[in-house]
Each structure stands twice: as C-alpha cells, then as structure tokens.
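Trainee: Could you help me learn to read backbone angles and salt bridges in a structure?

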Amino acid sequence: MRCLTMGWVGTSKALSAVRAELEAYGHRCADEGVDLVIDDGSQPLPIRWACTPRLSLRLGIGSPTVSELPVLQLRSYNHDHCLVAVLDIAEEPSGNGQHLCRRATRVLVEWMALQVSRFARDPQLRASPTSASDWPDQDLQSLDALAYLHRFNCTADPELLRAAQVPIIERLQASLITFAERPALNVAGEVVTYRQLQTQSLGDPATTGGTAGGCGRFSDRRGLPGKVCRVVREHPCDSRLRRSLPATGCAASYSAPAAHAGKRRRPCVAG
C-alpha cells in the first residue's frame with residue numbers, strides 16, 4: 001500500500017477523527033499534488049481539487065426507532081457523484097445520542113480506513129451496485145448534532161416543561177437564597193457562606209467591611225441584567241471571589257492596589 005497525499009475539506013468532528021486515523025497510517029496532508037480528497041459536505045470544495053479523485057462523505061438520517069433515536073446510514077460518493085459505498089449503523093438501544101454519535105464515528109473511521117487502503121492499492125473509485133435509502137444526504141456535522149439527543153429529553157410532562165422555561169440565572173438566585181447559610185468558600189480557615197458571597201458580589205459596604213464599592217448596571221450578550229461590582233484586591237478571599245462572582249449573575253471590575261491608585265484602569269467586566 002502506497003502512502004497517499006490527501007486533501008481535506010470540512011469541519012466536522014467525525015472528519016477530524018478520520019483524518020487523525022489516516023495520518024497515523026502514514027498518509028500525508030497537503031494542498032498540492034493531492035492523490036485523494038475527502039470532504040464531509042460542510043464546506044464548498046476548492047476549485048483546484050474539482051478533478052481530483054474524491055470521497056465525499058454524507059449521512060442519511062432516518063426515522064426514530066424504539067429508543068427514540070434515528071437510524072443512520074453512512075454514504076461515500078466519488079468525484080462523479082456516483083455512490084461508492086453504503087454502511088448502515090446499528091441502532092443505539094440506550095437512547096443516548098452521545099453513545100450513538102461516538103459509535104457512528106468509530107465505525108466511520110474504520111470504514112474510511114478500509115476504503116482509503118483499497119484506493120492506495122488500486123486508485124479506482126468504482127460505483128457500487130448497492131443503493132442508498134431514500135433519506136436525504138446530510139453533511140457530517142449532522143452527526144455531531146446527534147450527541148445532544150436523549151430519549152429522556154422527550155417529555156410531555158407539564159411540570160418538567162415549565163421548569164425548563166426558568167432561566168438558569170433565576171435558578172441560581174433561588175439556590176443562593178435556599179442555601180444561604182451553607183459554606184461556599186474556605187480560605188485559610190475563613191469560611192464564607194453563600195449569603196456572604198452574594199452580599200460581597202452585590203457590593204454592600206455595610207456588611208462586607210468596605211471591601212466592595214459602588215455597583216453599576218450592565219447587560220450581558222443574552223440581555224440579562226446584572227451588576228458590575230468593584231472588589232478591592234487586599235481582601236483575603238479576593239482571588240476566589242473573582243472566580244465566583246459570575247455564578248451569582250454579577251460581573252466584577254477590580255480596583256488597583258493602593259500603590260497604583262493614581263493610575264486609571266479600564267474596568268474588566270466578567271460575565
């Protein structure tokens with residue numbers, strides 16, 4: 001089997017796995033003098049490779065099975081858009097889309113290693129007598145999306161659907177109130193409760209010993225309201241607090257140490 005110079009077109013994780021496997025076999029990657037191009041359908045093919053032998057990988061996604069996950073079919077086409085090979089993926093009984101995605105990727109890697117090995121021995125990509133199902137061709141990024149499917153995500157329970165509509169920042173706020181007296185941080189023996197942490201983030205000088213200053217309003221990219229709090233660096237819990245503030249729905253801008261108090265610094269908003 002000869003070592004091939006290969007071109008790659010696509011951004012899917014599955015294609016990256018195939019590329020890593022074939023490079024481990026000793027095949028090279030280059031832009032010029034390419035023997036074989038492999039694409040996953042997620043990006044347009046460069047014009048310079050229009051006449052180069054090619055394996056175009058596509059995915060057919062069928063109807064959901066008993067596990068509530070779809071059946072899958074892998075397909076490869078040559079540069080004349082003729083079907084070269086078809087491979088059906090076995091059902092995933094667990095209903096876990098991540099398991100299905102990983103197994104399909106492993107099968108794809110082994111399948112492509114076999115096809116490329118055949119091409120390295122005999123550089124012909126002959127049309128296969130096997131026909132594909134009538135499911136539409138999709139790029140391999142559709143395989144990545146299957147990882148977010150799970151049979152337990154499908155529910156008609158009104159309580160669960162209602163809970164899913166509550167923004168995460170509201171659930172965090174409710175948790176801070178519910179578990180206000182529980183320890184959140186332990187810094188050098190000094191315990192900080194969730195109530196104290198929230199008070200620190202809201203910048204109440206009366207309860208934080210003047211360690212937090214004035215707060216200004218801000219909106220993050222999602223349009224959620226929050227606060228920008230100034231934290232003095234000398235506070236013993238400061239390094240932990242800087243990492244914890246975003247979880248409370250607040251951002252923070254940090255004042256300089258006393259030695260640099262005269263220098264104006266741009267506030268750093270975290271969120």
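Mentor: Happily; we will take the salt bridges first and then the backbone angles. Keep in mind that this is a predicted model.

Trainee: How many salt bridges are there?

Mentor: The idea is to look for a side-chain nitrogen of Lys or Arg within 4 Å of a carboxyl oxygen of Asp or Glu. By this rule the structure has 8 salt bridges.

Trainee: Which residue forms a salt bridge with R75?

Mentor: That is D137, with the closest N and O atoms 2.5 Å apart. The pair links distant parts of the chain, as R75 sits in strand 5 and D137 in strand 7, 62 residues apart.

Trainee: Is R75 buried or exposed?

Mentor: Ask how much accessible area a residue keeps: under 20% is buried, over 50% is exposed, and partly exposed lies in between. R75 counts as buried because its relative accessibility is 1%. Its partner D137 is partly exposed, at 40%.

Trainee: Where do D31 and R48 lie?

Mentor: D31 is in the loop between strand 2 and strand 3, while R48 is in the loop between strand 3 and strand 4, 17 residues apart. They form a salt bridge in which the closest N and O atoms are 3.7 Å apart. D31 is partly exposed at 48% relative accessibility, and R48 is partly exposed at 48% as well.

Trainee: What separates E159 and R162 along helix 4?

Mentor: About one helical turn, because they are 3 residues apart in that helix, which covers residues 158-164. Their side chains meet in a salt bridge at 2.5 Å, N to O. With a relative accessible area of 51%, E159 is exposed, whereas R162, at 49%, counts as partly exposed.

Trainee: Which residues are linked with D39 in a network of salt bridges?

Mentor: R54 and R58 are the residues linked with D39 in that network.

Trainee: Now the backbone. What sign does phi have in most residues other than glycine?

Mentor: It is negative in most of them, so a positive value is worth a look. Here E68 has a positive phi of about 70° although it is not a glycine. E68 lies in the loop between strand 4 and strand 5, and is partly exposed with a relative accessible area of 37%.

Trainee: Where is A188 placed?

Mentor: A188 is in the loop between strand 8, residues 183-187, and strand 9, residues 190-193. Its phi is positive too, about 55°, although A188 is not a glycine. A188 counts as exposed because its relative accessible area is 85%.

Terms used: Residues numbered from 1 in each chain as written. Predicted model: local features only at pLDDT ≥ 70, side-chain atom pairs only at ≥ 80, totals over all residues. Heavy atoms only, no water. Helix = DSSP H or I, 4+ residues; strand = E, 2+ residues; numbered from the N terminus. Buried < 20%, exposed > 50% of the residue type's maximum accessible area, 1.4 Å probe, protein only.
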